[in-house]
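Walk through this structure with me, from its overall layout to single residues. Keep the sequence and the 3D view side by side.

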Amino acid sequence: MAEPSIYDEIELEDFTYHASTTLYTYPCPCGDQFEITLQDLRDGEDIAVCPSCSLMIRVIFEAGDLPAEAPPTEEGLGAIVE
């Protein structure tokens, strides 16, 4: 399978993290935002996509850069520890 065409490579620290949605965003040249979820990053995905155009960027990060994951609560839901 061919490697996707990557517009750029961006460090995770340059993204904006939205804790309420666990979404990382970065401005796209089209005016929208590249998006990738915290869970995608934890699963080893490193490609953020723009929902409005065909551009994709590679996210440069180390697993240790990600927010810590809290242990599950009684309801089985985890929380982000900041």
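## A walk through the chain

Start with threonine 22. Threonine 22 is partly exposed, at a relative accessible area of 26%. Its place is the loop between strand 2 (16–18) and strand 3 (23–27). The backbone deserves a look here: threonine 22 has a positive phi of about 50°, although it is not a glycine. Most residues other than glycine have a negative phi.

Now step back to the whole. The model is predicted. The protein chain has 82 residues, and buried residues make up 23% of them. Its secondary structure comes to one helix and eight strands. Read from the N terminus, the order of elements is β-β-β-β-α-β-β-β-β.

Next, the salt bridges. Side chains of opposite charge can pair when their charged atoms come close. How many salt bridges does the structure hold? The count is two. In one, arginine 58 pairs with glutamate 9, and the closest N and O atoms are 3.7 Å apart. Arginine 58 belongs to strand 6 (residues 56–60) and glutamate 9 to strand 1, so this pair ties together parts that are 49 residues apart in sequence. Is arginine 58 buried or exposed? At 17% relative accessibility, arginine 58 counts as buried, because the cut-off for buried is under 20%.

Arginine 58 also meets aspartate 46 in a salt bridge, with an N to O distance of 3.1 Å. This pair, too, links distant parts of the chain. Aspartate 46 sits in the loop between helix 1 (38–42) and strand 5 (47–49), while arginine 58 is in strand 6, 12 residues apart. Aspartate 46 is partly exposed, with a relative accessible area of 22%. Through shared partners, the salt bridges join Glu9, Asp46 and Arg58 into one network.

Stay with charge, but move to the surface. Which residues gather there in a patch of negative charge? They are Glu11, Glu13, Asp14, Glu62 and Asp65. Take glutamate 11 as an example. Glutamate 11 lies in strand 1 (residues 8–11). Its relative accessible area is 39%, so glutamate 11 is partly exposed. Glutamate 9, a salt-bridge partner of arginine 58, is also in strand 1.

Now the cysteines. A disulfide is a covalent bond between the sulfur atoms of two cysteines. How many disulfides does the structure hold? The count is zero. Why does cysteine 30 form no such bond? The closest cysteine sulfur to that of cysteine 30 is in cysteine 50, and at 3.6 Å it is too far for a bond. The cut-off is within 2.5 Å. Cysteine 53 is in no disulfide either. Its nearest cysteine sulfur is that of cysteine 28, 3.6 Å away. How accessible are these residues? Cysteine 30 counts as partly exposed, at 42% relative accessibility. Cysteine 53 is partly exposed as well, with a relative accessible area of 27%.

Some parts of the chain can be placed by pairs of C-alpha atoms. Look at proline 51, in the loop between strand 5 and strand 6. Proline 51 counts as exposed, at 53% relative accessibility. In sequence, proline 51 and glutamine 33 are 18 residues apart. In space, their C-alpha atoms are 7.6 Å apart.

Strand 4 gives another such pair. Strand 4 spans residues 33–37 and holds glutamate 35. Glutamate 35 is partly exposed, with a relative accessible area of 32%. Along the chain, glutamate 35 and methionine 56 are 21 residues apart. Their C-alpha atoms are separated by 9.3 Å.

End at glycine 44. Where is glycine 44 found? Glycine 44 is in the loop between helix 1 and strand 5. Aspartate 46, from the salt-bridge network, is in the loop between these elements as well. Glycine 44 is exposed, with a relative accessible area of 53%. Its C-alpha lies 8.6 Å from that of alanine 63. The two residues are 19 apart in sequence.

Definitions and conventions:
Residues numbered from 1 in each chain as written. Predicted model: local features only at pLDDT ≥ 70, side-chain atom pairs only at ≥ 80, totals over all residues. Heavy atoms only, no water. Helix = DSSP H or I, 4+ residues; strand = E, 2+ residues; numbered from the N terminus. Buried < 20%, exposed > 50% of the residue type's maximum accessible area, 1.4 Å probe, protein only. Patch = residues over 30% accessible without salt bridge, like charges linked within 9 Å, V, L, I, M, F, W, Y side chains within 5 Å. Areas by Shrake-Rupley, 256 points an atom, 1.4 Å probe, with all protein chains shown as cover. Salt bridge = Lys/Arg side-chain N within 4 Å of Asp/Glu carboxyl O. Lys, Arg positive; Asp, Glu negative; His and termini not counted. Charge placed at Lys NZ, Arg CZ, Asp CG, Glu CD.
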